[in-house]
Amino acid sequence: MTEIRLSEARDLFTRSLTYPVSCGDVIEESGDVKLTSPTGATETIGDVLGRCDSAETFDSNDELYDTLVTYLGEDFIGRKHYDDRGSNPQLDEEVSL
């Protein structure tokens with residue numbers, strides 16, 4: 001069974017599929033390929049796309065990849081509730097404009 005990172009999925013879809021393609025055909029062709037999350041957990045493309053309608057058709061590689069990303073599990077999400085903008089600091093004094 002092949003194991004790839006999510007960033008390699010788009011290339012896999014470009015090499016192995018002809019568009020338009022149904023979700024069911026993608027699962028049949030690439031469903032046993034494992035995606036490895038940043039945490040080291042794996043999930044097959046078949047498991048991920050099994051969450052979408054098997055009759056759904058993708059007209060392009062980008063459309064298929066976007067759908068794959070939509071249905072990924074929690075292990076593929078970065079830090080939950082992370083906000084790099086920081087909090088709003090409380091001003092000790094008034095600022096006049």
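**Group meeting: a walk through a predicted fold**

Let me start with one residue, D25, which is found in helix 2. Before I go further, please keep in mind that this is a predicted model, and that what I say about D25 and its surroundings is to be taken in that light. At 41% relative accessibility, D25 counts as partly exposed, because that value falls between the 20% under which a residue is buried and the 50% over which a residue is exposed. Its C-alpha lies 10.0 Å from the C-alpha of E56, although D25 and E56 are 31 residues apart in sequence.

Now to the rest of helix 2, which spans residues 23-30 and whose buried residues are C23, V26 and S30. These residues cover an arc of only 55° around the axis, and therefore sit on the same side of helix 2. As background, an α-helix has 3.6 residues a turn, so residues three or four places apart point the same way. What do the buried residues of helix 2 pack against? They pack against helix 1 (9-16), strand 2 (21-22), helix 3 (45-49), strand 5 (57-58) and helix 4 (61-70).

Helix 1 can be described in a similar manner, with A9, L12 and F13 as buried residues. Their arc around the axis is only 95°, which means that they too lie on the same side of their helix, helix 1. The cover over the buried residues of helix 1 includes strand 1, helix 2, strand 3, helix 3 and helix 4. Staying with side chains for a moment, the charged end of R10 sits over the ring of Y65, at 4.0 Å from the ring centre, whereas a search for aromatic pairs through the whole structure finds zero.

Let me step back to the chain as a whole, which contains four helices and five strands, arranged from the N terminus on as β-α-β-α-β-β-α-β-α. Of its 97 residues, 33% count as buried. If we take the contacts between residues at least 6 apart in sequence, 61% of them join residues at least 24 apart.

Next comes the sheet, which is open, has three strands in the order 1-3-4, and shows mixed pairing. Strand 1 (3-5) and strand 4 are the edge strands, each pairing on one side only, and the twist from one strand to the next averages 35°. In general terms, strands of a sheet pair through backbone hydrogen bonds, either parallel or antiparallel. Here, strand 3 (residues 34-36) and strand 4 run antiparallel and are joined by three bridges, and L35 has E43 in strand 4 as its bridge partner.

E43 deserves a closer look: this residue is found in strand 4, which covers residues 42-44. Is E43 buried or exposed? It counts as buried, because its relative accessibility of 12% is under the 20% limit. Leaving aside residues up to four places away in sequence, E43 touches V33, K34, L35, V48, R51, G73 and F76.

That list brings me to my last residue, G40, which lies in the loop between strand 3 and strand 4 and is partly exposed, with a relative accessible area of 47%. G40 and F76 are 36 residues apart in sequence, and their C-alpha atoms are 9.4 Å apart in space. F76 is also one of the residues that E43 touches, and with that I will stop and take your comments.

Technical notes. Residues are numbered from 1 along each chain as its sequence is written. This is a predicted model: local features need pLDDT of at least 70, side-chain atom pairs count only at pLDDT 80 or more; totals for chains, interfaces and linings use all residues. Side-chain values use heavy atoms; hydrogens and water are left out. Buried means under 20% relative accessible area, exposed over 50%, partly exposed in between (1.4 Å probe, protein chains only). Helices (H or I, at least four residues) and strands (E, at least two) are DSSP runs, numbered from the N terminus. The arc is that of the directions from the helix axis to the C-beta atoms. Contact means heavy atoms within 4.5 Å. Rings of Phe, Tyr and Trp (its six-membered ring) pair if their centres lie within 6.5 Å; planes under 30 degrees apart count as stacked, over 60 as edge-to-face and the rest as tilted. A charge sits over a ring if NZ of Lys or CZ of Arg is within 6 Å of the ring centre and within 35 degrees of the ring normal. Two strands pair if DSSP finds at least two bridges between them. Axes are lines fitted to C-alpha atoms, for helices over the stretch in contact, and angles run from 0 to 180 degrees between N-to-C directions.
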